[in-house]
Amino acid sequence: MKVDVLLGLQWGDEGKGKVVDVLTPHYDVVARFQGGPNAGHTLEFEEKKYVLRSIPSGIFQHGQINIIGNGVVLDPVLFMDEAESLMHSGVDLKHVLKISKKAHLIMPTHRLLDAAYEKLKGDAKIGTTGKGIGPTYTDKVSRNGLRIGDIFCNFDEKYRIAKNRHLNLLNALGEAVDIAEAEAKWLGAIEYLKQYDIIDSEFVVNKYLSEGKKILCEGAQGSMLDVDFGSYPFVTSSNTVCAGACAGLGVAPNKIGEVYGIFKAYCTRVGSGPFPTELHDETGAKIRDIGHEYGAVTGRERRCGWIDLVALRYTIMLNGVTQLIMMKSDVLDGFETVKVCNAYRVNGVETRDFPYDIEHGIEPVYTEMEGWNVDMTSITSPDQFPRQFKDYISYLEKELNVPITIISVGPDRKQTIDLRNNR
């Protein structure tokens, strides 16, 4: 058996949570492979809305096993709040959730360091969520991190050393801190964490594969936020591309099967950083308002723009995408025309390749297409798609050279059109 991977192809917020929820009935296991509580996956069904930050999005379907992998960073307090909320909603979390011993812990002092580092950057700040993600990954790669498995092995000493190191850094940055209250809550959440099945996830995942179980690997953020291949330095602190599933779960590269690449019918970005197709006009505001484009974790307004095929071709290449899933198609329902960026003009020279620097001298080259101007939110079959929308799909598939197999026409899990049996 091979694992299938599902990830975002833009700057995050593509709708991964909904698609994982829709696909989960076809899998035995859903495993999250990177990121932390800076990623909010929104799911809507039965007239209820849920936002998951650390727990995989397969948690609501049919009792499948859900795994938080070693590549994830976990805040015990936020995890406890999220878990308790889910259990109050009727989710039997303790019987279906497993957590890797090798996942790193976000400490209270990591959040303080996150804020201090952002303050130092001034106008050049990244625009982080302030959840301590970057400092936690920094500790991981500098070999100073604290892992979940450590809570069962000389934890008090390891925590004291890590905390004091952070306090010294904060003192050097001129930050006066009092962590007593936050620390007490955090230590209480550590005890809460012990109630869950803490596993050697790399062995468990590979055992499931050898038993023929079907596994879906869930990514967070988007490929354009990958620490190596994204719009650096305005990126997240982990590998959000398909290779991150191998490192974040202990899966060999030859075990990768289908790669689902998710993108919006337009483009959004939260926080700072370059965004070539961003719209600073009424059209951008209209997309934001219709699409309810506000961060699931931060509540910040998302920046909006037309779809960018230069960036999409790049991330499709990096991930080896085999199937495309287009989200929020309905948001463009009311537009007479829609635009597609299929090239950049860089210092007067046109290119279809994604350049090293997208912050300076970039001019999007657009193709204008006829809008469908039809309410698609109640559509249940691809036969009902308006001709103009079918043309839009065909154009994207030709330019991207990968089939679009699933289309979302609304936030609810039922508002999902599967094209795989209609071609």
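Select Asp391 to begin: with a relative accessible area of 34%, this residue is partly exposed. What you have open is a predicted model, so read the geometry in that light. Now add Arg387, also partly exposed, at 47% relative accessible area. The two side chains meet in a salt bridge, 3.0 Å from N to O. Show the cartoon as well: Arg387 and Asp391 both sit in helix α12, residues 387-400, and are four residues apart, about one turn of the helix.

**Up the chain to Asn373**

Go to Asn373, in the loop between β18 (362-370) and α12. Check the backbone here: phi is positive, about 45°, although Asn373 is not a glycine. Most residues other than glycine have a negative phi. As for the surroundings, Asn373 counts as partly exposed because its relative accessibility is 42%, in between the 20% and 50% cut-offs.

**The salt-bridge network**

Next, select Asp13, Lys264, Glu293, Arg302 and Lys328 together, and show the side chains; salt bridges link these residues in a network. The model has 28 salt bridges by the count used here.

Zoom in on Arg302. Which residue has its closest N and O atoms 2.7 Å from those of Arg302 in a salt bridge? That is Glu293. Glu293 is buried, with a relative accessible area of 0%. Arg302 counts as buried too, at 9% relative accessibility.

Now turn to Asp13, whose side chain meets that of Arg302 in another salt bridge, 3.3 Å from N to O. This pair links distant parts of the chain, with the partners 289 residues apart. Arg302 is in the loop between α10 (282-290) and β13 (303-305), while Asp13 is in the loop between β1 (3-8) and α1 (16-23). Is Asp13 buried or partly exposed? It is partly exposed, at 26% relative accessible area, whereas Arg302 is buried at 9%.

**A cis peptide bond**

Jump to Tyr232 and Pro233 and look at the bond between them: the peptide is cis, with omega of about 5°. Most peptide bonds are trans. To place this spot in the fold, find the loop between β10 (215-218) and α9 (243-249), where Pro233 lies.

**Into helix α5**

Pick Thr136, which lies in helix α5, residues 133-141. Why does Thr136 count as buried? Its relative accessibility is 1%, and the cut-off for buried is under 20%. Expand the selection to the residues that Thr136 touches, leaving out those up to four places away in sequence: you get Val73, His104, Leu105, Ile106 and His110. Of these, look closely at His110, because the side chains of Thr136 and His110 make a polar contact of 3.3 Å.

**Out to the loop after α5**

Move along to Arg143, in the loop between α5 and α6. Arg143 also has a positive phi, about 65°, although it is not a glycine. Unlike Thr136, which is buried, Arg143 counts as exposed, at 74% relative accessibility.

**Last stop: a nonpolar patch**

Follow the chain into helix α6, residues 155-172, and select Leu169 there. Leu169 counts as partly exposed at 32% relative accessibility. Switch on the surface and add Tyr117 and Leu120: together with Leu169 they make a nonpolar surface patch of about 270 Å².

How values were computed: Residues are numbered from 1 along each chain as its sequence is written. This is a predicted model: local features need pLDDT of at least 70, side-chain atom pairs count only at pLDDT 80 or more; totals for chains, interfaces and linings use all residues. Side-chain values use heavy atoms; hydrogens and water are left out. Helices (H or I, at least four residues) and strands (E, at least two) are DSSP runs, numbered from the N terminus. Buried means under 20% relative accessible area, exposed over 50%, partly exposed in between (1.4 Å probe, protein chains only). A polar contact is a pair of N or O atoms within 3.5 Å; within protein, one must be able to donate a hydrogen and the other to accept it, and residues adjacent in sequence count only if both atoms are side-chain atoms. Contact means heavy atoms within 4.5 Å. Patches are made of residues with over 30% relative accessible area and no salt bridge: like charges are joined within 9 Å, nonpolar side chains (Val, Leu, Ile, Met, Phe, Trp, Tyr) within 5 Å. Accessible areas come from the Shrake-Rupley method with a 1.4 Å probe; for residues, only the protein chains shown count as cover. A salt bridge is a side-chain nitrogen of Lys or Arg within 4 Å of a carboxyl oxygen of Asp or Glu.
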